[in-house]
Every structure is written in structure tokens, then in C-alpha cells.
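Here are a few notes to read alongside the model, for anyone opening it for the first time. They start with the whole chain and then turn to single residues.

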Amino acid sequence: MNEKRILVELDIDYRVAQGLKEAISEAEEMVVNYDCMSHETLPEFWIPAGIQPKLVIEDSVKNYQNPDEWPYGNDCDFWGHYEYHRTIPPLKFAAEMMDRLLDGSKTQTRRPVDPMNPLPYIIGDRVVATDGKREALISVFEIKQERLCDIVKFDIWREGFQKTPGDIAGFIDTWDACYQDRPEFKWGNAPIVHVLDIGWRG
């Protein structure tokens, strides 16, 4: 069994770091040892859902005629870093909800928890919001999960239903209309949802 290791410098992208555990939220670079080139041994909290890190080898002991000149010690044969690349898709809204987003009355949105389609956003992301015709750049400030039916009056307001205070009926009708083709996500089935606190910047 090859006991040699690769010494890996982790370059943490600022956007990615915001969504990770507190232990690394302030880290930009860390040096760690791993048993093999595969990223499978990376601690789970280093990698947000859907990200496949790429190992980039920058230097090798084979490049040195005199192995004593190798600056990274005898416990590794390579030096490199992991690169994280993310594609952030647009966040889609119905035209009415886009109106409320643009006028500032909508500062929260919900999306069903769907194992087949993991949420592609993390805290700190700047996302293009669109209704297919208009676009706005928004920021994601917070993400949590809860049952859809656990929404409170204040959050109904934040969803943009402010003309009638606590307009739960209006919220339910709008939600069910958006997911009419996915009955498992309708209000009556009490789906678990991602709750995103968002803000618009013109």
C-alpha cells in the first residue's frame, strides 16, 4: 500500500466559504494532508452540495534532480490545490412575485426540498432573479428549512402578501398555482421547503 500523501492547499472561494461551517468561515487558505489524490477523503463540510472539486497539481518531487531540494517535506510527493467551480442558475419568479420583488415588498421566497434537484444556492450568493422578461440582481442572506405550513404571519408579509395582513389564503393560492403539476409540493401535503431571505439591488 502506498503510504505517500499529497499535501493540498485549499483555496476557499469567498462565496463558498460563506455557506460552510463556522470552523472554516474565516479561512481563505488551509494546508492539510490527505491519503490519496481523490477528493473523497475531504471532510464533508468543505464541499457544498453539487460541487465537484478539481485537484490541480502545481509541483512534484519528480521535478527536482536533488530530492533534498523538495520544499514540502518527505510526507508528500505532490503540491497542489483544489479548485471549486459553481454555476449559479437564475432564481425564477412568476410575474406578480417579480413585481413585489422589484418594489421591495418581497424579501423572502420558498422552494420545495427536492432530493432530485438540490438547492443550488448558498448564503452569500448573488443571484439573477427573473420572470423571463425582467431581471434583477439579488443577494441570498439566509437559508433555512421548515414545513411550508409552519410559515408565520411575519413571513407571509415578507413573501410579498402585505396588502391584506397575514394573507395566508392568498399565499396558499399562489403557492399551489405555482406547483399545480407537482401535487406532492402543494400546501395540503405540508412539504418541507427551503426558506431564502433575499434582497434586491438595482
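1. The accessible surface of the chain adds up to about 12,200 Å². Carbon and sulfur atoms account for 50% of that surface. Please keep in mind as you read that this is a predicted model.

2. How much of the chain counts as buried? Of its 202 residues, 39% do.

3. Now for the elements: you will find four helices and nine strands in the chain. If you would like to trace them from the N terminus on, the order is β-α-β-β-β-β-α-β-β-β-α-α-β.

4. Contacts across the sequence are worth a look too. Take those between residues at least 6 apart in sequence: 66% of them join residues at least 24 apart.

5. Back on the surface, look for a nonpolar patch formed by Val152, Phe154 and Trp157. Together these residues have about 290 Å² of accessible area. One of them, Phe154, belongs to helix α3, which spans residues 153-158.

6. For a contrasting spot, go to His194 in strand β9, which covers residues 192-201. Is His194 buried or exposed? Its relative accessible area is 10%, and the cut-off for buried is under 20%, so His194 counts as buried.

7. Which residues does His194 touch, leaving aside those up to four places away in sequence? Its partners include the run Thr109, Arg110, Arg111, Pro112 and Val113. Leu119 is also in contact with His194, as are Lys144 and Gln145.

Methods: Residues are numbered from 1 along each chain as its sequence is written. This is a predicted model: local features need pLDDT of at least 70, side-chain atom pairs count only at pLDDT 80 or more; totals for chains, interfaces and linings use all residues. Side-chain values use heavy atoms; hydrogens and water are left out. Helices (H or I, at least four residues) and strands (E, at least two) are DSSP runs, numbered from the N terminus. Buried means under 20% relative accessible area, exposed over 50%, partly exposed in between (1.4 Å probe, protein chains only). Contact means heavy atoms within 4.5 Å. Patches are made of residues with over 30% relative accessible area and no salt bridge: like charges are joined within 9 Å, nonpolar side chains (Val, Leu, Ile, Met, Phe, Trp, Tyr) within 5 Å. Accessible areas come from the Shrake-Rupley method with a 1.4 Å probe; for residues, only the protein chains shown count as cover. A salt bridge is a side-chain nitrogen of Lys or Arg within 4 Å of a carboxyl oxygen of Asp or Glu.
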